[in-house]
Amino acid sequence: MPNPTKLIINCETKEQIEVELTDEEVAQLEADRAKAEAERAEREAAEAATAEAKASAQAKLAKLGLTPEEISALY
Amino acid sequence: MATTYTLIDKTEVGSGGTSSITFTSIPTTYTDLLVKLSLRGNDNSRVATWINITFNGSSSNRSWKRVYGTGSAALSESDTTMRLGSVNANASTSNTFGNAELYIPNYLSSNYKSASGDGVAETNATATQLDLNANLWSNTAAINEITFAPGDGTGWLQYSSAYLYGIKNS
């Protein structure tokens, strides 16, 4: 199975060509994708933790007697 | 748009898709560069993907910061890369493409190169993304080549397009 291609546009000659990726380029592509996936998982975990902390704080404020409008005014 | 904007070159991805889009041999006759992108990545599991940017084939001395909204939260992040995000991936609304724009001032300068831009995934759903991005390439070489590759998935789908403009300051 051939490797994926990359599209190259030469602004000087106006030539546009599809070039098959080398094995090294494919390996780099896969490494970049794995890195991106790991970063995304880390970011999504951080976002979930922030959302959970926010919900917890709001619940505690509500128990203290603050109205939803008063809690919203704090953010 | 200023009257000094000149279309240097453009492309549209063909039926097989492509892993990346690269403009090479960029002329040295302008002051700034602007790239307009309409893209859809091939990752079937996501509504949005960011765009990895490379100048002159260099993957070092890069930094990136973005602020973005997901439809439910406002966030920020940074990394030692250069990116522009976000545009549509293949779990977004069918036949829609994300829009993005990258502005590169003083691309021939002997100083470090900044590049800023925005991107949006044009999907008709709550889970989408809109980004503002700031990039820095800490390199003094003139920019003569720019590559755009998806951060998720393996390539851009057919009908994705890119337009490179040159801008003169006079």
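I looked first at where chain A meets chain B, in what is a predicted model, and found that the contact draws 24 residues from chain B and 18 residues from chain A, two residues being in contact if their C-beta atoms, placed from the backbone, lie within 7 Å. On the side of chain B that touches chain A, the elements giving two or more residues are strands S1 (6–12), S2 (21–24) and S6 (74–79) of chain B, where strands are DSSP runs (E, at least two residues) numbered from the N terminus. The largest share of that side, 4 residues, comes from S2(B).

I then followed the strands across the contact, taking two strands as paired if DSSP finds at least two bridges between them. Strand S1 (residues 5–10) of chain A pairs with S2(B) in the parallel sense over 4 bridges, and Ile9(A) has Phe23(B) as its bridge partner there. Within chain A, S1(A) runs antiparallel to strand S2 (residues 16–20), joined by 5 bridges, with Leu7(A) partnered by Glu18(A). These two strands form a hairpin with 5 residues between them, and Lys14(A) in the turn has a positive phi of about 65°.

Last, I traced the open sheet of chain B, whose 8 strands are ordered S1-S12-S3-S8-S9-S10-S5-S6 with antiparallel pairing. S1 and S6 of chain B are at the edges with a single partner strand each, so one side of each has no neighbour in the sheet.

I note that residues are numbered from 1 along each chain as its sequence is written, and chains are lettered from A and ligands numbered from 1 in the order in which they are written. In this predicted model local features need pLDDT of at least 70 and side-chain atom pairs count only at pLDDT 80 or more, whereas totals for chains, interfaces and linings use all residues.
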